[in-house]
Amino acid sequence: MTQTPSPHPGTQWPRWEVFKQDAPGRPWQAVGSVHAGDPDHALLTARNVFVRRPAAVSLWAVREGDILTATPEEVQTRPEVLDTPGEGGTYHVGLKRTHKRSMTFVDLVGTVEARGPGDAVRQAREEHPDALTWLVFPERAVVRTGDDPGTVDSWFAPARDKTYKQQQAYGVIGRHVGELKREGRMPGRVNEEPHIGAQKVHDHPHDPALQPAPRKVQP
């Protein structure tokens, strides 16, 4: 269960959870978090981190301290979480439904009208009893990018047009090594004995010239 008040004693900016919508009609999904000094900074940082290649049409950022999450186990051991006080109003509800390893663990599935964050979790639990985690935050806590076409284009068009290639598709390292070999400029093996000019720095213990002569066996 988390509703962290403000664990940033002057050492770093507050943490914001980021929710991304990939296309119109798709749910907003939690994609990670950023540290930022204010709402605008949070959105810009979120775009730089999470929308460099994947498509997106909208970003939300919510300060960590405005989010309440709970698992079934936490509700069972600490039922008072359902009485967590706070301002009433519209609350967004997110659900984690799987333990699958993925960039996205929580989808926003709708809103509830609640007396506070605890009541919002209670309603989310009643509507989605099979969820692995319930997450709620008030509508007033959301900062978001605009949804008019001009704003969407200015925020996300460059990422939408950027192509994606697997790392091995570039072949930079292999091509570079091949060129060095053909030009005879590959560095020597690391286990070669060190020299200063033509003079060895020290005698190698396995140098044949330093090995004792074999003993003759008397007949």
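**Exercise 1. Find what share of the residues in this predicted model's protein chain is buried, and then describe the chain as a whole.**

Solution. Start with burial: of the 219 residues of the protein chain, 32% count as buried. Next, look at the surface, where the chain exposes about 14,700 Å², with carbon and sulfur atoms supplying 52% of that area. Then list the secondary structure, which comprises five helices and 10 strands. Finally, turn to the contacts between residues at least 6 apart in sequence: 64% of them join residues at least 24 apart.

**Exercise 2. Work out which residues touch the most other members of the largest nonpolar core, and which elements supply the core.**

Solution. This core has 18 residues, and those touching the most other members are Trp16, Val18, Phe50, Val51, Leu59 and Phe156. Now assign the core to elements: strand E1 (15-21), strand E2 (29-35), H1, E3 and helix H4 (149-161) each supply at least two of its residues. There is also a second, separate core of 16 residues, with Leu82, Tyr91, Val93 and Ala131 among them.

To get a feel for one member of the largest core, take Trp16. Setting aside residues up to four places away in sequence, its contacts include Gly32, Val34, Pro39, Ala42, Val62 and Val143.

**Exercise 3. Check the length of helix H1, then say how its N-terminal end is capped and which of its residues are buried.**

Solution. H1 has 12 residues, so at 1.5 Å a residue it should span 16 Å. That is 1.5 Å times one less than the number of residues. The end C-alpha atoms are 16 Å apart, in agreement with the expectation. At the N-terminal end, Asp38 acts as the cap, with a side-chain oxygen 3.2 Å from the backbone nitrogen of Asp40. For burial, pick out Ala42, Leu43, Thr45, Ala46 and Phe50. A useful reminder here: an α-helix has 3.6 residues a turn, so residues three or four places apart point the same way.

**Exercise 4. Decide whether the loop residues Ala56 and Thr145 are buried or exposed, and name their contacts.**

Solution. Take Ala56 first, in the loop between helix H1 (39-50) and strand E3 (58-63). Its relative accessible area is 9%, and buried means under 20%, so Ala56 is buried. Beyond its neighbours within four places in sequence, Ala56 contacts Lys20, Gln21, Asp22, Val51 and Phe156. Ala56 and Gln21 are 35 residues apart along the chain, yet their C-alpha atoms are separated by 5.7 Å.

Thr145 sits in the loop between strand E8 (142-144) and H4. With 6% relative accessibility, Thr145 is buried too. Not counting residues up to four places away, Thr145 touches Leu43, Val57, Ser58, Leu59, Trp155 and Phe156.

Methods: Residues are numbered from 1 along each chain as its sequence is written. This is a predicted model: local features need pLDDT of at least 70, side-chain atom pairs count only at pLDDT 80 or more; totals for chains, interfaces and linings use all residues. Side-chain values use heavy atoms; hydrogens and water are left out. Helices (H or I, at least four residues) and strands (E, at least two) are DSSP runs, numbered from the N terminus. Buried means under 20% relative accessible area, exposed over 50%, partly exposed in between (1.4 Å probe, protein chains only). Contact means heavy atoms within 4.5 Å. Accessible areas come from the Shrake-Rupley method with a 1.4 Å probe; for residues, only the protein chains shown count as cover. A nonpolar core is a set of buried Ala, Val, Leu, Ile, Met, Phe, Trp, Tyr and Cys residues joined through side-chain atoms within 4.5 Å. A polar contact is a pair of N or O atoms within 3.5 Å; within protein, one must be able to donate a hydrogen and the other to accept it, and residues adjacent in sequence count only if both atoms are side-chain atoms.
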